[in-house]
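Trainee: I would like to learn how to read a structure that is new to me. Could we go through it together, feature by feature?

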Amino acid sequence: MLEIKNLHARIAEDGTEIIRGLNLTVNAGEVAAIMGPNGSGKSTLSYILAGREDYEVTEGDILFNGESILEMDPAERASSGIFLAFQYPMEIPGVATMEFLKVAMNAQRKARGEEPLTVPEFLKRVKDVSATLQMDMNMLKRPLNVGFSGGEKKRAEILQMKLLQPKLCVMDETDSGLDIDALKIVADGVNALRSPDRAIVVITHYQRLLEHIVPDTVHVLYRGQIIKSGDKDLAADLETNGYAGVIGEAA
Ligand SMILES: Nc1ncnc2c1ncn2[C@@H]1O[C@H](COP(=O)(O)OP(=O)(O)OP(=O)(O)O)[C@@H](O)[C@H]1O
Ligand SMILES: [Mg+2]
């Protein structure tokens, strides 16, 4: 589903190379975890997947279902079924969460050649999904993410994923500020979204999160490259022994 081949990317402004020959394949049905020390390029990778203009791909390719996405703008990527949840979610002042959800869902339907949802249909879907997340509908009248607590942002993120049903979800999780409840929201959300025709990539520092999610594959990102891949045992090993061993092996 997702194939990243020998990707090199740099900061557009000053030319610093951050991603340096990264290879990664994530198959449909898979939950992949990306781990790695601070500053290794994990969030940068998620921005590049989203199509942010601050980064320039200089070499390699990113294929989604066999087709390169490099020439697609962020909106095209989203409507083709790629969903990115960032480490620091964007706040959208002035737009009620509800309104944001409606625009996002209808943009996706339009891209698929489907009619927009009627208001009652839309409301029913949002109500049903927010109930499963124990989210108060009143919160959805507030602007997206503005003043949301960490846990509320996580809920809003999972709500969007459940409504949009993307084919590829990439979630960048903070290593701080996620309390046990938020961890559980993320884990339950990911587990509910597991499906044979969907791939989920979770960027995380948490072995604890991975105990709840149990990834199919674990990849270590270091200095802009995947230096080691394995299964869930790799995450457990990193938790016990740290990154030094894996980095030493790769050097
Ligand atoms: N726009 C930018 N300007 C300057 N430096 C940048 C920019 N974007 C990324 N970097 C640098 O690239 C490196 C990778 O950053 P990135 O945020 O991808 O790391 P990360 O693996 O997500 O780290 P963490 O685990 O702390 O979230 C860091 O050294 C960062 O300072
Ligand atoms: Mg990061």
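Trainee: How do the residues of the lining of the largest pocket divide into nonpolar, polar and charged?

Mentor: Keep in mind from the start that this is a predicted model. The lining of the largest pocket is made up of 20 nonpolar, 6 polar and 4 charged residues.

Trainee: How is such a space found, and what is the volume of the largest pocket?

Mentor: Rolling a probe the size of a water molecule over the atoms shows where empty space is left. In this model the largest pocket holds about 870 Å³ of space, and among the 30 residues that line it, those closest to its centre are Ala-78, Phe-83, Leu-84, Phe-100 and Gln-160. The elements that contribute two or more residues to this lining are helix 2 (74–79), strand 6 (82–85), helix 3 (97–111) and helix 5 (150–164).

Trainee: Which residues line the second largest pocket?

Mentor: The second largest pocket has about 190 Å³ of space, and its lining consists of Ile-48, Gly-51, Arg-52, Glu-53, Tyr-55, Val-57, Leu-70, Met-72, Asp-73, Pro-74 and Arg-77. Two or more of these residues come from strand 4 (55–64), and two or more from helix 2. By type, the lining of this second pocket divides into 6 nonpolar, 1 polar and 4 charged residues.

Trainee: Let us turn to the ligand. How many residues surround ligand 1, and which are the closest?

Mentor: There are 13 residues around ligand 1, and the closest are Gly-39, Lys-42, Ser-43, Thr-44 and His-205. Helix 1 (residues 42–50) gives the most to this shell, with 3 residues, and the shell as a whole divides into 4 nonpolar, 8 polar and 1 charged.

Trainee: Which atom of ligand 1 lies 2.8 Å from a polar side-chain atom of Tyr-55?

Mentor: For Tyr-55 the partner is a nitrogen atom of ligand 1, whereas Thr-44 has a side-chain N or O atom 2.6 Å from an oxygen atom of the ligand. Gly-41 takes part through its backbone, where an N or O atom lies 3.0 Å from a ligand oxygen. Of the 640 Å² of accessible area that ligand 1 has on its own, the protein covers 62%.

Trainee: What is unusual about the backbone at Gln-134?

Mentor: Most residues other than glycine have a negative phi, and most peptide bonds are trans. Gln-134, although not a glycine, has a positive phi of about 50°, and its place is in the loop between helix 4 (119–132) and helix 5. Gln-165 also has a positive phi, of about 45°, and lies in the loop between helix 5 and strand 7 (168–172).

Trainee: Why does Gln-134 count as exposed?

Mentor: Gln-134 counts as exposed because its relative accessibility is 68%, and the class begins over 50%. Gln-165 has 41% relative accessibility, so it counts as partly exposed.

Trainee: Where is Pro-196 placed, and is Pro-196 buried or exposed?

Mentor: Pro-196 sits in the loop between helix 6 (180–193) and strand 8 (199–203), and it is exposed, with a relative accessible area of 73%. Sequence and space can be read side by side here, since Pro-196 and Tyr-206 are 10 residues apart in sequence and 25 Å apart in space, C-alpha to C-alpha.

Terms used
Residues are numbered from 1 along each chain as its sequence is written. Chains are lettered from A and ligands numbered from 1 in the order in which they are written. This is a predicted model: local features need pLDDT of at least 70, side-chain atom pairs count only at pLDDT 80 or more; totals for chains, interfaces and linings use all residues. Side-chain values use heavy atoms; hydrogens and water are left out. A residue is near a molecule or strand if one of its heavy atoms lies within 4 Å of it. A polar contact is a pair of N or O atoms within 3.5 Å; within protein, one must be able to donate a hydrogen and the other to accept it, and residues adjacent in sequence count only if both atoms are side-chain atoms. Accessible areas come from the Shrake-Rupley method with a 1.4 Å probe; for residues, only the protein chains shown count as cover. Helices (H or I, at least four residues) and strands (E, at least two) are DSSP runs, numbered from the N terminus. Ala, Val, Leu, Ile, Met, Phe, Trp, Tyr, Cys and Pro count as nonpolar, Asp, Glu, Lys and Arg as charged, and the others, Gly among them, as polar. On a 1 Å grid over the protein atoms alone, a cavity is a set of points where a 1.4 Å probe fits but cannot get out, and a pocket is an open set with protein on both sides within 12 Å along at least five of seven lines; lining residues have an atom within 4 Å of a point. Grid points are joined across faces, edges and corners, and a volume is the space filled by probe spheres set on the points. Buried means under 20% relative accessible area, exposed over 50%, partly exposed in between (1.4 Å probe, protein chains only).
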